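The following exercises are intended for a reader who meets this structure for the first time. Each one sets a task and then works through a solution in steps.

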Amino acid sequence: VSVGAGNDERRAGARYGGKLGEDATYRIYAKGFSRDNTVSASGASAQDASKKGQVGFRLDWGQGGDTFALQGDAYDGSIDPKIFDDKSISGANLLGRWNKTLAGGSVLQVQAYYDQTRRNYPGMFGEVLDTYDIDVQHRFSPGGRHNITWGGGYRYSHDDVTNSAVLAFLPASRDLTLGNVFVQDDIALTERLKLTVGTKLEHNNYTGFENQPNVRLAWKPNDQVLLWSAISRAVRTPSRIDRDFFVPGSAPFMIAGGPDFQSEKLTAYEIGYRTQPSPKASFSISTFYNVYDQLRSIEPTGGTLVLGNMMEGNTYGVETWGSYGISDWWQLKAGYTYLRENLRFKPGSGDTYGVQAAGNDPAHQFSVRSTMNFANRTEFDVGLRSVGALPNPNVPAYVAFDARLGWHIAKGVEVSLAGFNLLDNRHPEFGALPARSEIGRKIDARILWQF
């Protein structure tokens, strides 16, 4: 059982589990939270308070070479908007997964799930989305050098939208399917050199077949060092927004989905280095170069803004992460990310909204965290993060400091006090003036009781 409260949020949760005979276990849970409004730079309420409750369960069974898991969740919540009545969100899901070890050591996995999502935004739109999904994987090792995983999946979704005068999805109801087959082979070229090759072939309603291959190479010159590289291709297939979205809800339209909108494409090149020079220290660094094509743009066509694929470009950067155990009770972790974006419109594009529609991201991010677990059952954690400015719309860079002090006051009873964004009263992290909300200083107390 856990309860917590602070200056802008309250939450509670409980989980209970046990055994069902010798081969099965179960657990059930319930949790919820209520969060207050944030404020704008002027101090006015942003009217974005929210609350949510959720319940769920999980069953696990295993015997011999068979394991089975069944889990489900249901939730209900609301968001307080600036106009109209409260937005409501609710849904439920059920997932089953069966694993079986076959003769020769191969493994078969079958997974299926159902998910229902409901959204009701008064004055805007409502939606009920039902999704059914099944996935099958088989892993086996022919000979001594290959480890092959292959399989396929099928997803069927029925999307039913209640349109309004403000916006519409046309048609209001649509059936969507997504099928795939895939294969991947991990090949041990030598004891320390491994090659991974694979591909996934997908089929969707809008663009038909899409191929997504990848190749990876990993080399361990010794037990402490790993060098790796990868080339892969991925796509973002069209969504209903890309093809079926219209503003206002009836003609003549100001904004319209693109009837010929194609998948956005990415080719990613990656190189990485990982080392563990001692049991207490580890470090990794990776670089990437991503090439994008057919990114979404907004093209003026006959007095209507139509979604198109007239943006392209590249991004590149570096990600680093390291950890060091100063002692058995004190550990430090730090990371840094650099990102550079070069996006542009293709010749012939009439988009006047700018490349910021594809994202507004900081060039630099840095974080460091200290974790201390003292012998007197006390924990003290602090974290510092620095996030660079966002270019357009402009959001200033900020530095945030978090801290947490926890006490294990008795067996199974933990009390903690935490503070977030302690360096300033509040600061913006995204959005445009004057409406953007700001993240404020937060103090939170929590009690956890395990019995």
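## Exercise 1: A hairpin and its neighbour

Strand 18 and strand 19 form a hairpin, with 2 residues between them. The model in which this hairpin appears is a predicted one.

**Task.** Determine which strands pair with strand 18, in which sense, and over how many bridges.

**Solution.**
1. Begin with the hairpin partner. Strand 18 is joined to strand 19 (residues 281-301) by 12 bridges, and the two run antiparallel.
2. Locate one contact in this pairing: Phe283 in strand 19 stands opposite Thr275.
3. Turn to the other partner. Strand 15 (residues 225-236) pairs with strand 18 (residues 264-278) over 12 bridges, in the antiparallel sense.
4. Locate one contact here as well: Leu226 has Arg274, in strand 18, as its bridge partner.

## Exercise 2: An open sheet

**Task.** State the order of the strands in the open sheet of 3 strands, and explain why one side of strand 4 and of strand 26 is left without a neighbour.

**Solution.**
1. The order of the strands is 4-27-26, and their pairing is antiparallel.
2. Strand 4 (39-40) and strand 26 (426-427) stand at the edges; each has a single partner strand, so one side of each has no neighbour in the sheet.
3. Strand 26 and strand 27 (residues 437-440) are antiparallel and joined by 2 bridges.
4. Within this pairing, Gly440 in strand 27 is the bridge partner of Arg426.

## Exercise 3: Two pockets

**Task.** Describe the space, the lining and the residue classes of the largest pocket, then do the same for the second largest.

**Solution.**
1. The largest pocket holds about 670 Å³ of space.
2. Its lining comprises 30 residues, and those nearest the centre are Gly13, Ala14, Arg15, Tyr29 and Ala30.
3. Among the elements that give two or more residues to this lining are strand 1 (2-6), strand 3 (24-35) and strand 28 (442-449). Strand 2 contributes the most, with 7 residues.
4. By class, the lining of the largest pocket divides into 12 nonpolar, 10 polar and 8 charged residues.
5. For the second largest pocket, the space is about 520 Å³.
6. This second pocket is lined by 24 residues, of which Ser157, Leu176, Pro238, Ser239 and Arg240 lie nearest the centre.
7. Two or more residues of this lining come from each of strand 8 (107-121), strand 9 (125-140), strand 10 (146-162), strand 12 (173-188) and helix 1 (240-244).
8. The lining of the second largest pocket has 12 nonpolar, 7 polar and 5 charged residues.

## Exercise 4: Aromatic rings and charges

**Task.** Classify the aromatic pair of Tyr121 and Phe125 and the pair of Tyr269 and Tyr289, and decide whether each residue is buried or partly exposed.

**Solution.**
1. The structure contains 11 aromatic pairs.
2. In one of them, Tyr121 and Phe125 have ring centres 5.3 Å apart and planes at 75 degrees, and this pair is edge-to-face. The cut-off for that class is an angle over 60 degrees.
3. Tyr121 has 18% relative accessibility and therefore counts as buried. Phe125, at 14%, also counts as buried. The cut-off used here is under 20%.
4. The ring centres of Tyr269 and Tyr289 are 6.5 Å apart and the planes stand at 40 degrees, so this pair is tilted.
5. Because Tyr269 lies in strand 18 and Tyr289 in strand 19, the pair ties together parts that are 20 residues apart in sequence.
6. Tyr269, at 39% relative accessibility, counts as partly exposed; Tyr289, at 37%, counts as partly exposed.

**Task.** Identify the cluster to which Tyr121 belongs, and find which residue lies over the face of Tyr121.

**Solution.**
1. One aromatic cluster is formed by Tyr121, Phe125, Phe169 and Phe245.
2. Lys87 lies over the face of Tyr121, 4.8 Å from the ring centre.
3. Another such arrangement involves Lys52, whose charged end sits over the ring of Tyr75 at 4.9 Å from its centre.

## Exercise 5: The chain as a whole

**Task.** Summarise the secondary structure, the extent and the buried share of the chain.

**Solution.**
1. The secondary structure amounts to 1 helix and 28 strands.
2. Along the principal axes, the C-alpha atoms fill a box of roughly 70 × 60 × 45 Å.
3. Of the 451 residues in the chain, 32% are buried.

How values were computed:
Residues are numbered from 1 along each chain as its sequence is written. This is a predicted model: local features need pLDDT of at least 70, side-chain atom pairs count only at pLDDT 80 or more; totals for chains, interfaces and linings use all residues. Side-chain values use heavy atoms; hydrogens and water are left out. Two strands pair if DSSP finds at least two bridges between them. Helices (H or I, at least four residues) and strands (E, at least two) are DSSP runs, numbered from the N terminus. On a 1 Å grid over the protein atoms alone, a cavity is a set of points where a 1.4 Å probe fits but cannot get out, and a pocket is an open set with protein on both sides within 12 Å along at least five of seven lines; lining residues have an atom within 4 Å of a point. Grid points are joined across faces, edges and corners, and a volume is the space filled by probe spheres set on the points. Ala, Val, Leu, Ile, Met, Phe, Trp, Tyr, Cys and Pro count as nonpolar, Asp, Glu, Lys and Arg as charged, and the others, Gly among them, as polar. Rings of Phe, Tyr and Trp (its six-membered ring) pair if their centres lie within 6.5 Å; planes under 30 degrees apart count as stacked, over 60 as edge-to-face and the rest as tilted. Buried means under 20% relative accessible area, exposed over 50%, partly exposed in between (1.4 Å probe, protein chains only). A charge sits over a ring if NZ of Lys or CZ of Arg is within 6 Å of the ring centre and within 35 degrees of the ring normal.
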